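Grab a viewer and a pencil: here are some exercises to work through with the model open. Try each task before you read its solution.

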Amino acid sequence: MEARRGWRAVPKVRHVGFFTPNEPPPPARTQSGPPDSNSPPLSNSPAGNSLSPVMIPPPRHLSDNLAHRATSPLPVPETSAFRRPIPGGDRVAVVGSYNPTDSMLGASPPLTSPSSRIGDGEFSEESSPGWFRRSNSAKFASSFPGGGFDLTSIKSSETLEVEVKKPVEVPGPNIAEKSGVAGAELQTESQSSSKPLKAKTTKAERRALQESQRAAKAAAKGEATGKPAISSEGAATSKPVKQQPSRKKDALPAATSVAASDRKGVDRPPEKERKKEVPPPRMQFDDKNRVEKAKKRAVVNQTEARNRVELFRHLPQYERGSQLPDLESKFFLLDPMHPAVYKVGLQYLAGDISGGNARCIAMLQAFQEVIKDYSTPPEKSLTRDLTAKVGSYVSFLIECRPLSMSMGNAIRFLKNRIAKLPLSLSESEAKESLCSDINRFINEKIVLADKVIVRHAASKVRDGDVLLTYGSSCVVEMILLYAHELGKQFRVVIVDSRPKLEGQALLRRLVAKGLNCTYTHINAVSYIMHEVTRVFLGASSVLSNGTVYSRVGTACVAMVAHAFRVPVLICCEAYKFHERVQLDSICSNELGDPDAIAKASGRMDVNYVDNLANKENLQLLNLMYDATPLEYISMIVTDYGMIPPTSVPVIVREYRREHLWI
Amino acid sequence: MPDVQALVNDFLNKLKKRKIEGSQATSRQTAELLRSVISQQRVPYNNQAGALIDAVKAVGEQLIAANPVELAVGNIVRRVLHIIREEDLSLTTAAMAGLNLSAVSDDEDDEERDDLPVLSAAVVAAAARSTLRPPSLQTLLEDMPDSAAIPHTSSSGGDSEGKSKSADKSSRSRKLKHDVIEAVNELIQDITTCHEQIAEQAVEHIHQNEVILTLGSSRTVLEFLCAAKEKKRSFRVFVAEGAPRYQGHLLAKELVARGLQTTLITDSAVFAMISRVNMVIVGAHAVMANGGVIAPVGLNMVALAAQKHAVPFVVLAGSHKLCPLYPHNPEVLLNELRSPSELLDFGEFSDCLDFRSVTGSPLLHVVNPTFDYVPPSLLVCSSLTRCLELRWKENVDGEILEILAQFITSC
């Protein structure tokens, strides 16, 4: 209903938009049937005033669906029209163009007739989720690395546009080209022109989406007040039915029924989804009851550290020394634990795997193993059982080492995929599809994303630059090496800090490759900053208030760079973005092994506090992360391009769905 | 004389080899050395002050050149010079007072006479001021009349004294040296007790339940915190370890031994923690004339973080650390690079440290500076031995520098 209202409203907005002068007709159009899709013009209006109705979530009817789908293509012609100098003629042209595109994209076979949809599975998959389109688009783009990649590199700055464009192109070869008219239209319009327009559409759509979500949220709130927050798992399991059809590759047996369920789901989802999307509050370790409960379940031996830091009581502080051997000895006792997960857990605990990407990949691969070896127990459904299983593994991994936010995102993605498995799939097919999903996630979100980031960032390296980096970030390392390969002449300053001294490993690798390096400690950062021209930093996560959550010390480096007017570039894959907001480094953090503080590696003469470990007064605090406020950051380089830190919420909002649905 | 020379050489060696750690030790030893120089110096009849000043200057210049980064040496030399002039001045005034009585009766020189009353008035006033207060560092730093006048007076005093009896002369010369040595002793005393003097103020600045952050180790800071602890204040201290020297570990150890709640953190965690800190208290290497502070490496970062979170940044410094020089490019010129071995294990990195790289220049540089310069704009407030407005007129070259260093405690 709300959606409808939104639509009505649209025309008005459109009026206001920059389009208006030459355009009186729009309102009339909107009223006309399919024309809802016409809203596209709306979408064109600047993001600010557009509350485009377009994207309001689930379509009620097929026709609605159609309209929605249409929306996405619409922008293309519209934009072109926009660009054209002649206003009057444009209009007509636009409309015309619009229709074809519409037909090309979705209208063609599947939507109009369910039967046809059944027929061509491949097709239906893409086209059926008309309202989905936008979110999917990103996925498509990413799934076709080659095309998307090039484009991005070409116009690095227009990330959004590129991104948007990709979807069009991608399906293009299969669908668009086939359904001739539209394709022709597209081609006639210069691609470049069409793209930016599209971007605009998405903006508008985004707006609409936001609106709708807000409304849904409000509604959900009203309903849900009584209910306790649903854990993400629960919600996920309950939901699977809703949207599965859209995503599934395999033909749906009863298309109509599916469609119905789809519709239903579509109607409801917003509320549930909203609830689910609110991340459950993190475990607070000063909450005695919960800690006790957690302990009973715990696999890893958790004895409270003796000298806990008062300020960080809300974080787990356990004795470290005994955990690893203890866990190792339990290897054969842990029945339910899959060996792959177990191995990864051990590696986390021992610190053999560190770095956000490495940990995330290791975890996902372990889950892949799990899924391969999985067989649904009798009288259980794969969806539920597997979700529960993954949940238990995750909590085991958390005991080994708290998850990073990027891993949280990955898990969310996986659970979503599981939840959305169509019931119709056989077990082997389901497993197959999950494994390929995981692979795709790793490839697109991490490996390819890194490549894109490297391309973007390397464009910011000039001859004669002095680049400073802190700690050891694998993306930054790739950037440096890539720029070096390109033959750029620059120096690297590696700033390091205790206790991990990760910079030394980086230093060794870079020097081995022939880069000119300077190595120093974080304390000397203000000494060395005079000569630095750019600062490249990695990040563990980027939060939606623009805060960068990263290896402890990053904030110091960024701060000093800011004070010396040196630009700070944060390199971070978009899957690490998180909608959470954090104001300081204390409320949420991770504590490392306190004993590492007492000993200075490689410095035998430093052992002042060794024998004091048991003193009550002395606490050793080994913080792992800190939060860099947004004002110190000049730019964030992501796989969607280079954005200012203030745009993080846009990326988060815009691509969250994509992350989940890939 | 020869043994003094030996002492001087020995000290020079120590300075050059950086064997002396910390400006307090340096300044104390400098003062002691200068004391022995003065005591060994044979004083001529005329112009004893001039002779002393020359001797001290000669030694002082060597000392300063031996370790230009250790500003405390220069400070102490200047201080001693100042003492000599001041003592000479006060003696002259005393003599002048006697002279004046006689001058009325026997006319000598018109010029002199014109000059004298004015001069003597100022001199007497100054002397009166300096005698009225207990002799201490504070009075030494007090506002003084133009020091250019001092050599003049001393010479004129010497001249006029030439006319007085020889017995008087010898006693006076001995008296000057004696006075100077006395005053230098006081200076040494002041330097050795500066910690306590600073620590006395601790209670005024640290209140209950405060959270204090410090970096590295400084005896002053240690005493300061302990003094507050002894006054039954309970507070907690975050100590950043101050890599690569890890002095923070030492400080933490001391603090723990004295029963303070101490948390040891890495330097990189400073920014993370500072949002929960009420005050940053650190030591300094030297305080420059513009109010900037030369401090152990890492403090600029801490000062920036403190400024960002509006946390008072307090620098504790004995007055021997006040330096009348203006810093010029202090990060480079007033800094020292220490051995890379503190950062990198040479054994481990021997392959990377190979200098026979393709281009002939090494690929790997290691930077390990000792000091940081904290510009005055970052000092939310800086607290000193004496929280005073200091006016300083001294210079090794006899050139007059008027320096106004204003330090205000406002926390």
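The exercises below deal with a predicted model, and each comes with a worked solution.

**Exercise 1. Find the residues closest to the centre of the second largest pocket, then describe its lining.**

Step 1: Start with the space itself. The second largest pocket has a volume of about 1000 Å³. Of the 44 residues that line this pocket, B:Glu21, B:Gly22, B:Ser23, B:Arg245 and B:Gln247 are the closest to its centre.

Step 2: Look at which helices take part. In chain B, helices H2 (23-40), H9 (194-200), H11 (219-230) and H12 (247-257) each give the lining at least two residues.

Step 3: Now check the domains. Domain 1 (4-192) and domain 2 (197-335 + 370-410) of chain B each contribute at least three residues to the lining.

Step 4: Sort the lining by chemistry. You should get 17 nonpolar residues, 18 polar ones and nine charged ones.

**Exercise 2. Work out the strand order of the open sheet of three strands in chain B, and say which strands stand at the edges.**

Step 1: Trace the order, which is E5-E6-E9 with antiparallel pairing.

Step 2: Count partners. Strands E5 (286-287) and E9 (371-374) of chain B each have a single partner strand, so one side of each has no neighbour in the sheet, and these two are the edges.

Step 3: Zoom in on one pairing. Strand E6 (residues 293-296) of chain B is joined to E9(B) by four bridges. In E9(B), B:Val374 is the residue opposite B:Val293.

**Exercise 3. Decide in which sense strands E2 and E3 of chain A pair, and how covered E3(A) is.**

Step 1: Follow both strands. E2 (residues 490-496) and E3 of chain A are parallel, with six bridges between them. One pair to look up is A:Asp496 with its bridge partner A:His521 in E3(A).

Step 2: Check the cover. E3 (residues 516-521) of chain A has five buried residues out of six, so call that strand mostly covered.

Step 3: Carry on past E2(A). The loop between E2 and helix H27 (502-512) of chain A holds A:Pro499, and the peptide bond from A:Arg498 to A:Pro499 is cis, with omega at about -10°.

**Exercise 4. Find the cis peptide bond between B:Ala243 and B:Pro244 and place the proline.**

Step 1: Read omega for this bond, which is about 5°.

Step 2: Place B:Pro244 in the chain B loop between strand E2 (236-240) and H12.

**Exercise 5. Are A:Arg565 and B:Asn209, two residues with positive phi, buried or exposed?**

Step 1: Confirm the angles. A:Arg565 has a phi of about 60°, and B:Asn209 has one near 65°; neither residue is a glycine.

Step 2: Locate them. A:Arg565 sits in the loop between helix H29 (554-563) and strand E7 (568-571) of chain A. B:Asn209 belongs to the loop between helix H10 (202-205) and strand E1 (211-215) of chain B.

Step 3: Apply the cut-off, where exposed means over 50% relative accessible area. A:Arg565 comes out at 69%, so that residue is exposed. B:Asn209, at 59%, is exposed too.

**Exercise 6. Is loop residue A:Gln317 buried or exposed?**

Step 1: Find A:Gln317 in the loop between helices H19 (288-297) and H20 (323-329) of chain A.

Step 2: Use the other cut-off, under 20% for buried. A:Gln317 has 8% relative accessibility, so this residue is buried.

Technical notes. Residues are numbered from 1 along each chain as its sequence is written. Chains are lettered from A and ligands numbered from 1 in the order in which they are written. This is a predicted model: local features need pLDDT of at least 70, side-chain atom pairs count only at pLDDT 80 or more; totals for chains, interfaces and linings use all residues. Side-chain values use heavy atoms; hydrogens and water are left out. On a 1 Å grid over the protein atoms alone, a cavity is a set of points where a 1.4 Å probe fits but cannot get out, and a pocket is an open set with protein on both sides within 12 Å along at least five of seven lines; lining residues have an atom within 4 Å of a point. Grid points are joined across faces, edges and corners, and a volume is the space filled by probe spheres set on the points. Ala, Val, Leu, Ile, Met, Phe, Trp, Tyr, Cys and Pro count as nonpolar, Asp, Glu, Lys and Arg as charged, and the others, Gly among them, as polar. Domain bounds come from an automatic or database domain assignment. Two strands pair if DSSP finds at least two bridges between them. Buried means under 20% relative accessible area, exposed over 50%, partly exposed in between (1.4 Å probe, protein chains only).
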